[in-house]
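This report describes one protein model for a reader who has not met it before. The sequence and structure are shown first, and the description follows.

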Amino acid sequence: MSDSRGKRTVRRHRVVVFVRDGLLPIEFGIVHRLFGEARSREGEPLYEVLTCTLTPGAVRTDTDVTITVEHGPALLGTADTVVIPASDQDYDPPEDGRLPRHLADALAHIRPGTRVASICTGSFVLAAAGLLENRRATTHWKSADAFRRRYPDVHLDPGVLYTHDGGVLTAAGVASGIDLCLYMIRLDHGASVANEVARGTVVPPHRSGGQAQFITEPVPDADGASTARARARALSHLDQPLSLRELAAWESMSVRTFTRRFRAETGMSPTQWVLEQRIIRARELLENTDLPVDDVAAAAGFGTATSLRQHLSRTVGVSPSAYRATFR
């Protein structure tokens, strides 16, 4: 698309945040901040982020702050992506699991094919609306039992950070809302844009949706052994074979002890973590270099283009050449 002067412009993807009384301000802020930071190579904003509520005006938060929202639910009908953060109302949802009429009428504005996401217990709204039926989803681990009782047709996985099933996404809690937003940015515009957003907001650029909701030892004991050195060394040797035995040897641990501590510190197995880092490296090289696919595969540790193609197709859904064509 070009403007009247012939300058190329980027169509902004519209994200509409649907807030309710009892809003958690941090979840509202996450969506605006992260999507609002995404820029094209020319520095143009890639998203337009707007907010709506059931009745325009003051919206109560779960703090001593009230926000003013100008738009009503009709705005949902203009969205490319709808995000529903949590509300303190979600912690005492209706026992019958049905969506209140006023919420049902509001969500009816959403057009078919619109991407819809929830953060934390906002998943209760999606489930009550029937958007999660027979889909994989997550919610905050403290609300998992209540969720299962009300929505047995949803494939709930309370042990992960976020899920993506079809056009519906769910995040487990506040911090995983960051991961989910970065994941959607990465889907839309590639790893480079998402990494730049993460860098600008000083958050980790990528945590897999399959990572555990909470990690046993997020900060290693200063007096105890850690796997941090092995992880750092692995990142600089991704182009080489990395066996579990070799990783453990770098920390002078047995394989069993290393595996247990690695999972406690990262929420993932060493094998899962290394594969994820290889995929991240391959995506970055496909976006930012002109290396042939064979060379990208070798540099990321996949060995062959066939292996890279299989893993990228499984995780991203496209071939290396298609990924490069989309995000270069």
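Val316 is partly exposed, because its relative accessible area of 22% lies between the limits for buried and exposed residues, 20% and 50%. This residue belongs to the loop that links helix 12 (305–315) to helix 13 (320–327). Apart from neighbours within four places in sequence, the contacts of Val316 are with Arg283 and Tyr323. A distance of 9.4 Å separates the C-alpha atom of Val316 from that of Ile279, although the two residues are 37 residues apart along the chain.

The model is a predicted one. Its mean pLDDT is 87, and 89% of the residues reach 70 or more. Confidence is not uniform along the chain: over residues 209–223 the pLDDT stays under 50. For that stretch the model has 34 contacts beyond four places in sequence.

The protein contains 13 helices and ten strands. Of its 328 residues, 48% count as buried. Among contacts with a separation of 6 or more, 64% are between residues 24 or more positions apart.

Two of the helices illustrate how such elements meet. In general, a pair of packed helices is described by the angle between their axes and the distance between the axes. Helix 9 covers residues 255–266 and helix 10 covers residues 270–288; their axes come within 9 Å and cross at roughly 60 degrees. The two helices are therefore oblique to each other. On the side of helix 9, the contact is made by Phe258, Thr259, Phe262 and Arg263, while helix 10 contributes Pro270, Gln272 and Trp273. By class, this contact has four nonpolar, two polar and one charged residues.

Strand 1 (residues 13–18) includes His13. With a relative accessibility of 16%, His13 counts as buried, because the value is under 20%. Its side chain is joined to that of Thr81 by a polar contact of 2.6 Å. Beyond the neighbours within four places in sequence, His13 is in contact with Leu46, Tyr47, Glu48, Asp80, Thr81, Arg115 and Asp188.

Thr139 lies in the loop between strand 7 and helix 4 (144–150). This residue is buried, with a relative accessible area of 0%. The side chain of Thr139 reaches the backbone oxygen of Cys120 at 3.4 Å.

The backbone also deserves attention at two loop positions. Most residues other than glycine have a negative phi. Asn134, in the loop between helix 3 (123–128) and strand 7 (136–137), has a positive phi near 60 degrees. Ser252, in the loop between helix 8 (244–250) and helix 9, has a positive phi near 55 degrees. Asn134 counts as exposed at 52% relative accessibility, and Ser252 is exposed as well, with a relative accessible area of 70%.

The table sets out the accessibility of the individual residues discussed above.

| Residue | Relative accessible area | Class |
|---|---|---|
| Val316 | 22% | partly exposed |
| His13 | 16% | buried |
| Thr139 | 0% | buried |
| Asn134 | 52% | exposed |
| Ser252 | 70% | exposed |

Note on methods. Residues numbered from 1 in each chain as written. Predicted model: local features only at pLDDT ≥ 70, side-chain atom pairs only at ≥ 80, totals over all residues. Heavy atoms only, no water. Axes fitted to C-alpha atoms, helices over the stretch in contact; angles between N-to-C directions. Helix = DSSP H or I, 4+ residues; strand = E, 2+ residues; numbered from the N terminus. Parallel < 35°, antiparallel > 145°, perpendicular 65-115°, else oblique. Contact = heavy atoms within 4.5 Å. Nonpolar A, V, L, I, M, F, W, Y, C, P; charged D, E, K, R; others polar. pLDDT = per-residue confidence, 0-100. Buried < 20%, exposed > 50% of the residue type's maximum accessible area, 1.4 Å probe, protein only. Polar contact = N/O pair within 3.5 Å; in protein donor to acceptor, adjacent residues only side chain to side chain.
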